[in-house]
Amino acid sequence: PRNARKDAKRLDSRFSSIRTQIKQAEAEIRLIESEIDDAVFQLESRKKAWRDAKVQRALLRAHAERCRHDSGVLREFSQRIRRKVDGARKTSLKEMTYFARKSNDDPEALESACTRSLRRLVDDISAFLLG
């Protein structure tokens, strides 16, 4: 009986020690799992940031290409308008000849050569920009 009691105490002590070790191991496992979860979250966040950056880079490239295209179109418009204006300047605007112009409001309206040239220039530019 004494040996049995000693053995029981020793077994209880050993069991208690093992139980404590198991609790410590479980706590360490939970800590490691938490660290793994944090690492996975950070990895996913970085992956998402990388994908977003790739999308943004593609959008910026497309936008830059569109801006280059629009710039070329505006440059062409500017050159065409400048040529039209320069052509209008070369025509003789000093003539004092008057022309009859048909219009919806006043069918016999008179306009000078200067006014006529200016009206034609505005009509040409309007047709160019709208058409």
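1. Start at K48. K48 is partly exposed, with a relative accessible area of 46%. The cut-offs are these: buried means under 20% relative accessible area, exposed over 50%, and partly exposed in between, with a 1.4 Å probe and protein chains only. K48 pairs with D52 in a salt bridge, and their closest N and O atoms are 2.9 Å apart. A salt bridge here is a side-chain nitrogen of Lys or Arg within 4 Å of a carboxyl oxygen of Asp or Glu. D52 is also partly exposed, at 35%. The two residues are four apart in helix 1, so about one helical turn separates them.

2. A word on the model. This is a predicted model, in which local features need pLDDT of at least 70 and side-chain atom pairs count only at pLDDT 80 or more, while totals for chains, interfaces and linings use all residues. Residues are numbered from 1 along each chain as its sequence is written, and side-chain values use heavy atoms, with hydrogens and water left out.

3. Confidence varies along the chain. The pLDDT, the predictor's confidence in each residue from 0 to 100, averages 84 over the chain. Of the residues, 81% score at least 70. Helix 1 (residues 2–90) has the highest confidence, at 92. Strand 1 (residues 98–101) has the lowest, at a mean of 58. Where pLDDT is low, the predicted coordinates should not be read in detail.

4. The fold is quickly listed. The chain has two helices and two strands. Along the sequence they run α-β-β-α. Helices (H or I, at least four residues) and strands (E, at least two) are DSSP runs, numbered from the N terminus.

5. How much of the chain is buried? Of its 131 residues, 7% count as buried. The accessible surface comes to about 11,900 Å². Carbon and sulfur atoms account for 56% of that surface. Areas come from the Shrake-Rupley method with a 1.4 Å probe; for residues, only the protein chains shown count as cover.

6. Contacts also deserve a look. Take those between residues at least 6 apart in sequence: 35% of them join residues at least 24 apart. Contact means heavy atoms within 4.5 Å.

7. Salt bridges are worth checking one by one. The structure holds seven. Side chains of opposite charge can pair when their charged atoms come close. Besides the K48 pair, R10 and D7 meet in a salt bridge at 2.8 Å, N to O. R10 and D7 are three residues apart in helix 1, so about one helical turn lies between them. R10 counts as exposed, at 54% relative accessibility. D7 is partly exposed, at 36%.

8. Further along helix 1, look at R80 and E76. Their salt bridge has its closest N and O atoms 2.9 Å apart. The two residues lie four apart, about one turn of the helix. R80 is partly exposed at 36% relative accessibility, and E76 is partly exposed at 30%. Which residues are linked with E76 in a network of salt bridges? They are R80 and R83.

9. Finally, a nonpolar patch. I32, I36 and V40 form it on the surface, with about 260 Å² of accessible area together. Patches are made of residues with over 30% relative accessible area and no salt bridge; like charges are joined within 9 Å, nonpolar side chains (Val, Leu, Ile, Met, Phe, Trp, Tyr) within 5 Å. I32 sits in helix 1. I32 is partly exposed, with a relative accessible area of 45%.
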